[in-house]
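Please open the model in your viewer and keep the sequence panel visible beside it. The tour below moves from one selection to the next and says what is to be found at each stop.

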Amino acid sequence: MKNNTKEEIDIVGLLKIIWDSKSIIIASTSVFSIAAVIYSLSLTNIYESEALLSPVNQSGSNQSMGNVAGLANLAGINISNAANGDTLKAIEKAETISFFKDNILPNIFLPDLMAVKSWDAETNTIFYDSDEFDDESQSFIKTPSAQESYKEFKKIFRLTHNLTTGFVTVSIKHQSPHIAQQWTDLIVNQINEFFRINDKREAQAAMDFLNAQMAQTSYSEIKLVIAELLKNRMQQLTLIEANDFYIFSYIDPPMVMEEKIEPNRRSIAILGAIFGLMLGILYVITREFFVTKKD
């Protein structure tokens, strides 16, 4: 009972100390709140453009190829069901430095990635950091390497794959919502184009090989298999040329967003106030402890 009474007295005493020093706590809270507000206002607005993608269904082509897969394997020709495999490969490829260097970097204005200072919404004008980029000569003070640029790009680029639905989400964050939308669209287009070119090259090489084998063999069974394979390769080439969206198609295309995603100035201000309050209380209690210990 005495211990409980003593604890209550200590808590009451502690609350009294805090109350008696409320001016210090209020001052600390106010200072950090104001500092947090000023800091949040100094931060540039960040916009995010997001695209929801669906893997293109190539099951019809793969099924027809599968009909002759057994015979083709006997003839020493490997055919794989690449519908799901291409999707997974595309997801992995999109995040590589080689894809950024070969497909993204040549198609963007690099200062928009490496030297942006702010964006004017009224004029849709981007202002660049003079320490990084000379606006008059349109040149970098020190030109960033592809690897340095890739590191910055990874900070604003996000790609997620929903294993349940198979849908893929691609997004870009940027000070300019127009750049965010353009680069998100660029990524999707370049993924499609990269695999379109690769598959076209492989299909054409396979047709050249099959035509050469057709001319060399005298077995009618092998010729039938090769003829079927040539037919499917021609169908594949037709699909490659006909489809605008080769690997991914849009369920929801990227938009120029009107509302920012960062920073959350209200949260920053609240956190600043809480930090100031806690620091003020800690200071008051610590000061009282040392005064009591000294006495």
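What follows is a walk from the whole chain to the sheet, the core, the helix packing and a few individual residues.

**Before selecting anything**

This is a predicted model, in which local features need pLDDT of at least 70 and side-chain atom pairs count only at pLDDT 80 or more, while totals for chains, interfaces and linings use all residues. Residues are numbered from 1 along each chain as its sequence is written, and side-chain values use heavy atoms, with hydrogens and water left out.

**The whole chain**

Colour by secondary structure to begin with: the protein has 11 helices and eight strands, where helices (H or I, at least four residues) and strands (E, at least two) are DSSP runs numbered from the N terminus. Of its 295 residues, 35% are buried; buried means under 20% relative accessible area, exposed means over 50%, and partly exposed lies in between, with a 1.4 Å probe and protein chains only. About 18,500 Å² of the protein is exposed, and carbon and sulfur atoms supply 57% of that area, as computed by the Shrake-Rupley method with a 1.4 Å probe, with only the protein chains shown counting as cover for residues. Among contacts (heavy atoms within 4.5 Å) between residues at least 6 apart in sequence, 75% join residues at least 24 apart.

**The four-stranded sheet**

Select E6, E7, E1 and E8, which in that order form an open sheet with antiparallel pairing; two strands pair if DSSP finds at least two bridges between them. Strand E6 (157-161) and strand E8 (248-252) are at the edges with a single partner strand each, so one side of each has no neighbour in the sheet. On average, neighbouring strands here are turned by 30 degrees against each other, direction ignored. Zoom in on E6 and strand E7 (residues 168-174), an antiparallel pair joined by five bridges, and find Arg158 opposite Ser171 in E7. Now add helix H8 (residues 146-156), which packs on the sheet and touches E6 and E7, its direction making about 55 degrees with that of E6. Axes are lines fitted to C-alpha atoms, for helices over the stretch in contact, and angles run from 0 to 180 degrees between N-to-C directions. Add H9 as well: this helix lies across strand E1 (47-55), E6, E7 and E8, and runs at about 145 degrees to E7.

**The nonpolar core**

Which residues have the most contacts inside the largest nonpolar core? They are Ile104, Leu113, Phe153, Ile172, Ile187, Ile191 and Phe248, in a core of 48 residues. Helix H9 (residues 177-216) contributes the largest share, 12 residues. Such a core is a set of buried Ala, Val, Leu, Ile, Met, Phe, Trp, Tyr and Cys residues joined through side-chain atoms within 4.5 Å. Centre the view on Phe248: leaving aside neighbours within four places in sequence, its contacts include Leu53, Pro55, Val56, Ile91, Val168 and Ile191.

**Helix H6 and its two partners**

Two packed helices are described by the angle between their axes and the distance between the axes. Select helix H6 (residues 97-104) with H8, which pack at about 105 degrees with their axes 10 Å apart; H6 and H8 are therefore roughly perpendicular, a term for angles of 65 to 115 degrees. At this contact Ile97, Phe100, Lys101 and Ile104 in H6 meet Ala146, Gln147, Ser149, Tyr150 and Phe153 in H8. Then swap H8 for H9, which packs against H6 at about 100 degrees with the axes 11 Å apart, again a roughly perpendicular arrangement. Here Phe99, Asn103 and Ile104 in H6 meet Leu186, Ile187, Gln190, Ile191 and Phe194 in H9.

**The hairpin**

Move to strand E2 (residues 116-120) and E3, joined by four bridges and running antiparallel, with Val116 opposite Tyr128 in E3. Strand E3 (residues 125-128) has a covered face, made of Ile126 and Tyr128, and an uncovered one, made of Thr125 and Phe127. Four residues lie between the two strands of this hairpin, and Asn124 in the turn has a positive phi of about 55 degrees.

**Backbone details**

Most residues other than glycine have a negative phi, and most peptide bonds are trans. Asn124, at 40% relative accessibility, counts as partly exposed. As a last selection, take Glu262 and Pro263, which are joined by a cis peptide bond with omega of about -10 degrees; Pro263 is found in the loop between E8 and helix H11 (265-294).

Conventions. Parallel < 35°, antiparallel > 145°, perpendicular 65-115°, else oblique.
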